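Colleague: I should be grateful for guidance on how to read the features of a structural model. May we take them one at a time?

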Amino acid sequence: MKIILILVVCYLAATSAYRFDIPELPVNANGTSWAFLAAGGNGFSLDWSIQADVYHAFQVFKARGVPEENIIVMHLDNQANKKSNPKPGTVINVPGGPDVYHGVPKHYTGLEVTAKNFLGVLRGDETLKQQGKKVLESGPEDNVFVYFMDHGGHQLVAFPHGGYMYAKDLIATFKEMYANKKYQKLVFYLEACESGSMFNTLLPEDINVYAVTSSTPTQSSWAWGYDKVYKEYTAGYFAATWLRNTEQKQTESLDEQFKYIETETAKDYSDPQSGQKWHQNAQHYGDLTVAKQDIGQYEGPKQFKSEVNTGSDEHQEIVSFRDVPVAMAQKAIVQSVTNEDKLQAVEQLEQILIGRQLIDKHFQEFATDLEQLTGLDSQLLVNQRQELLTEGSGDCYQQFVDTFHSKCFNINENPYVLGKLNVFVNICEHLTARQLAIALHQLVGQCETTNTIVGKPEHII
């Protein structure tokens with residue numbers, strides 16, 4: 001009897017120690033887990049890290065036991081076999097790391113990577129199903145995890161095709177899913193510049209949605225880990241951090257994972273060239289009680305040995321998403337073997353910088369003209385970063401952004417512009433209805449003048 005009691009005590013102690021960090025028993029015992037992993041991109045220099053993060057996430061979720069039939073993947077699929085890839089058919093997510101592309105499904109690729117399809121997958125769109133496309137078929141007892149990465153601006157994220165996704169459309173989709181009992185709990189990880197603006201003050205706390213973003217509503221996000229062989233920034237800083245944590249922890253709460261992400265990504269990074277210090281601040285929104293649950297309910301419950309060890313951020317280069325094209329061109333100059341290659345790289349950098357100067361000039365002239373017409377300080381218009389808070393300002397902002405996109409620059413193909421959309425936020429927050437009509441007319445006129453003089457720019461990255 002003593003031996004049996006000792007064995008029972010030892011068993012309970014061992015079990016308790018193993019389960020010690022689990023904050024809550026599984027809440028979807030009668031349901032299952034679904035994951036939707038989506039990468040945008042625009043055909044330019046940040047596409048590698050955007051897609052590699054999703055590929056890595058797929059490998060992790062599959063290894064942790066999320067049923068593969070319940071994982072949906074959306075990606076441009078333009079990196080593994082591009083001409084500049086030194087190892088065709090492979091994509092890495094860590095400098096010197098293993099391939100993460102193998103086995104990744106192609107549920108939505110190329111021209112199918114659109115905001116319309118993204119929202120359709122979430123809703124379980126019947127038209128997509130009839131076309132043989134995979135959509136979320138989750139129910140009221142299922143948990144859903146969504147990860148999306150692309151370029152972002154205030155209250156919008158870009159897609160490579162078919163326009164961009166506004167925050168209000170994403171929130172409306174969540175509400176529709178909740179009403180239709182498409183999930184028990186939904187967790188959404190978003191990695192993009194100004195990603196906090198997609199949820200802050202917008203995401204209700206009573207629809208069982210918990211959102212984590214890579215940055216605040218007014219802050220850039222960062223690329224991480226330059227690989228000298230592939231000559232690519234291999235990951236987003238946010239993704240490198242949360243995937244590392246998921247690989248290292250079998251059990252912890254979503255809140256513990258958030259605090260890890262928050263602490264790690266908030267560390268100051270010193271730029272080796274300028275000496276400036278940078279960091280990003282992860283945020284979380286919505287129903288924070290969801291964060292009490294274990295990551296295993298969303299990211300898979302199994303322990304596994306990761307082949308992709310993201311290691312430490314120490315000595316890894318970090319650069320703002322919006323500055324990746326410049327950094328890549330600068331590296332191409334340094335790494336050039338022949339004078340011809342160096343000259344080509346210099347010309348590419350000059351083209352990028354000239355294009356950005358054109359955009360800066362366009363917005364500055366627009367702000368200067370508005371100051372003369374409305375009295376609103378031009379420097380405030382250009383430099384102030386604030387959120388859309390006034391009633392009706394969201395519709396105003398969308399009208400200005402859509403007008404600029406159609407009349408001036410294709411924003412999806414020129415992500416540098418996303419960092420300038422604060423001008424339209426400021427206009428909508430400060431001007432009267434009459435002044436807004438004047439400002440919109442002025443914007444259209446300036447766009448038409450610019451296009452007449454230099455032609456409508458296509459690719460200013």
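Colleague: How many salt bridges does a search of the whole structure find?

Modeller: The general idea comes first. Side chains of opposite charge can pair when their charged atoms come close. In this structure, which is a predicted model, a search of the whole structure finds 16 salt bridges.

Colleague: With which residue does Lys106 form a salt bridge?

Modeller: The partner of Lys106 is Asp77, and their closest N and O atoms are 3.1 Å apart. This pair links distant parts of the chain, 29 residues apart, although both Lys106 and Asp77 are placed in the loop between β2 (71-74) and α3 (115-123). Asp77 is partly exposed, with a relative accessible area of 22%.

Colleague: Which residue pairs with Lys267 in a salt bridge, and is that partner buried or exposed?

Modeller: Lys267 pairs with Glu264, the closest N and O atoms being 3.2 Å apart. Glu264 is buried, at a relative accessible area of 16%, because buried means under 20%. Lys267, in contrast, is partly exposed at 44%.

Colleague: How is the salt bridge between Glu365 and Lys361 placed relative to helix α10?

Modeller: Glu365 and Lys361 both belong to helix α10 (residues 339-374); because they are four residues apart there, about one helical turn separates them. The closest N and O atoms of this salt bridge are 2.6 Å apart. Glu365 counts as partly exposed at 34% relative accessibility, and Lys361 is partly exposed as well, with a relative accessible area of 48%. Elsewhere, salt bridges that share partners join Glu126, Lys129 and Glu137 into one network.

Colleague: Let us turn to the cysteines. What is the count of disulfides?

Modeller: Again I begin with the general idea. A disulfide is a covalent bond between the sulfur atoms of two cysteines. The count for this model comes to two disulfides.

Colleague: Which cysteine is joined to Cys396, and where does each of the two lie?

Modeller: Cys396 is joined to Cys428, with an S to S distance of 2.1 Å. The link is left-handed, with -80° about the S-S bond. Cys396 lies in helix α12 (residues 393-407) and Cys428 in helix α13 (residues 422-430), so that distant parts of the chain, 32 residues apart, are linked. Both Cys396 and Cys428 are buried.

Colleague: What is the distance between the sulfur atoms of Cys408 and Cys447, and why does that pair count as a disulfide?

Modeller: The sulfur atoms of Cys408 and Cys447 are 1.4 Å apart. The pair counts as a disulfide because the criterion is a pair of cysteine sulfur atoms within 2.5 Å. The torsion about the S-S bond of Cys408 and Cys447 is about -80°, so this disulfide is left-handed. Cys408 lies in the loop between α12 and α13, while Cys447 lies in helix α14 (residues 433-454); the pair therefore ties together parts that are 39 residues apart in sequence. Cys408 is buried at a relative accessible area of 2%, and Cys447 is buried at 0%.

Colleague: What is the pairing when the bonded cysteines are numbered in sequence order?

Modeller: Numbered in that way, the bonded cysteines of the protein pair as 1-3, 2-4.

Colleague: I would next like to read the interior. How many residues has the largest nonpolar core?

Modeller: One looks for buried nonpolar residues joined through their side-chain atoms. Here the largest nonpolar core has 51 residues, and those with the most contacts inside it are Tyr147, Tyr189, Trp242 and Leu254. Helix α2 (residues 47-63) supplies the largest share of this core, nine residues. A second, separate core has 39 residues, including Val113, Leu128, Leu136 and Val146.

Colleague: Which residues is Leu254 in contact with, leaving aside its neighbours within four places in sequence?

Modeller: With those neighbours set aside, the contacts of Leu254 are Val187, Tyr189, Tyr210, Val290, Ala291, Gln293, Ile295, Tyr298 and Glu299.

Colleague: One last residue: where does Leu119 lie, and is Leu119 buried or exposed?

Modeller: Leu119 lies in helix α3 and counts as buried at 10% relative accessibility. Leaving aside neighbours within four places in sequence, Leu119 is in contact with Met165, Asp169, Leu170 and Thr173. Leu119 and Ala172 are 53 residues apart in sequence and 9.8 Å apart in space, C-alpha to C-alpha.

Methods:
Residues are numbered from 1 along each chain as its sequence is written. This is a predicted model: local features need pLDDT of at least 70, side-chain atom pairs count only at pLDDT 80 or more; totals for chains, interfaces and linings use all residues. Side-chain values use heavy atoms; hydrogens and water are left out. A nonpolar core is a set of buried Ala, Val, Leu, Ile, Met, Phe, Trp, Tyr and Cys residues joined through side-chain atoms within 4.5 Å. Buried means under 20% relative accessible area, exposed over 50%, partly exposed in between (1.4 Å probe, protein chains only). Contact means heavy atoms within 4.5 Å. A salt bridge is a side-chain nitrogen of Lys or Arg within 4 Å of a carboxyl oxygen of Asp or Glu.
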